[in-house]
There are 2 protein chains.
Amino acid sequence: MDHEPSGPIASLMRELGKLPGIGPKTAERLTHHLLAAPRGRVYALADALRAIKDSIRQCRQCCQPTENELCDICSDPRRDGSVICVVEQPRDVAALERTATYRGLYHVLHGRLAPLDNIGPEQLTIDRLVQRLRAGGVQEVIMATNPTLEGDGTALYLSSLLAPMGVRVTRLARGLPSGSGLEFANSQMLVDALEGRRSF
Amino acid sequence: MDHEPSGPIASLMRELGKLPGIGPKTAERLTHHLLAAPRGRVYALADALRAIKDSIRQCRQCCQPTENELCDICSDPRRDGSVICVVEQPRDVAALERTATYRGLYHVLHGRLAPLDNIGPEQLTIDRLVQRLRAGGVQEVIMATNPTLEGDGTALYLSSLLAPMGVRVTRLARGLPSGSGLEFANSQMLVDALEGRRSF
């Protein structure tokens, strides 16, 4: 008989191993850490996990996860409601918020168009975005989908859908990543940087 | 106002960020993954976490985590009860079991002597190891503490404690790590390899 850890330990390793970036070795290390951790800390983690499923829903307006009907951003009167930044995922909102530069609102698509994976417009929150524009007051929609084939395709689809609605549709700039060097840039970055060049 | 994710999301990031090897970035990525994951999977993880605290205790004999009074290894009649391998942590048992080479029993110290951290013999499961030897039937105790200063110190302390009990005390071999090259070995590995050299 090969010794395998009994029930609950094996279950925890298996569940941890399903998380992205956590392989069997890391799952084992984390499990042993948690076995030795104070009961209160492990309970706190278990409770936090249940809480995100029990008390988090999508913001009625921008579709990002929130505890309330409207998220903190949509309910903040100091945000500029005339601009909507469209992103693929909630984590993209977090990344943009960290810049403390953008003062408009967001719209989270919860994915991108991916015909090969059978993800079409109806799988995303595009209907709700269209409703927001119909409700009026929006002057600009910034496409902030990922700079990938599918992200670009999604932005292109949306821009042709939204353009007839009398709203300005823009997209994030492409170019060299700040802080890096030319030698590390791939061809597409250099092409973007050349095409998007600006006068001093 | 800087936007911070509201209550439960921030809690989960904080709790995940307390795990070893999981920094703020990874905690954020995992949280967003779990927000999008099916409710059942997140519940399964939460339940597995609670279960290791609710239903796991230490094996009465070898002190490794188990659901039962005796762990799977101690209760397996095919294991050789005359040999006990002493390790620091439960994960060391798992590592040794993966080799499918050792057929004796284990004893988990749950740490190593570390005077600087105020960890003395009474913080480890040394009493229980002595009791096992007093109960008789043990012929050999293999020291498999980590090849570190504190692990070696613990093994030395134990060997002087156990030697008068009429039991053979051995320790794991030191030498070159299989699969590596001489050029990558540090001086201590080479010293160990020379001192432990064997005839063909």
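How many Å separate the centres of domain 1 of chain A and domain 2 of chain A, taken over C-alpha atoms?

**View 1. Domains of chain A in the predicted model.** The centres of domain 1 and domain 2 of chain A, taken over C-alpha atoms, are separated by 34 Å. Domain 1 of chain A covers residues 8-54 and domain 2 covers 69-199, with bounds that come from an automatic or database domain assignment.

**View 2. The axis relating chain A and chain B.** Chain A is superposed on chain B, with an RMSD of 0.1 Å, by a rotation of 179 degrees and 0.0 Å of shift along its axis, the fit being by least squares on the C-alpha atoms of residues with pLDDT of at least 70 in both copies. That is the relation of a two-fold axis. Among the residues of chain A, A:Ala46 comes closest to this rotation axis, its C-alpha lying at 2.1 Å. Because 100% of the interface residues of chain A are also interface residues in chain B, the copies meet through the same surface.

**View 3. The surroundings of B:Thr31 in helix H2 of chain B.** B:Thr31 lies in helix H2, residues 24-36 of chain B (a DSSP run of H or I, at least four residues, numbered from the N terminus), and counts as buried because its relative accessibility is 0% (buried means under 20% relative accessible area, with a 1.4 Å probe and protein chains only). A polar atom of the B:Thr31 side chain lies 2.7 Å from the backbone oxygen of B:Ala27. Leaving aside neighbours within four places in sequence, B:Thr31 is in contact (heavy atoms within 4.5 Å) with B:Ile9, B:Leu12, B:Met13 and B:Leu16.

**Notes.** Residues are numbered from 1 along each chain as its sequence is written, and chains are lettered from A in the order in which they are written. In this predicted model, local features need pLDDT of at least 70 and side-chain atom pairs count only at pLDDT 80 or more, whereas totals for chains, interfaces and linings use all residues, and side-chain values use heavy atoms, with hydrogens and water left out.

Terms used. Helices (H or I, at least four residues) and strands (E, at least two) are DSSP runs, numbered from the N terminus. Buried means under 20% relative accessible area, exposed over 50%, partly exposed in between (1.4 Å probe, protein chains only). A polar contact is a pair of N or O atoms within 3.5 Å; within protein, one must be able to donate a hydrogen and the other to accept it, and residues adjacent in sequence count only if both atoms are side-chain atoms.
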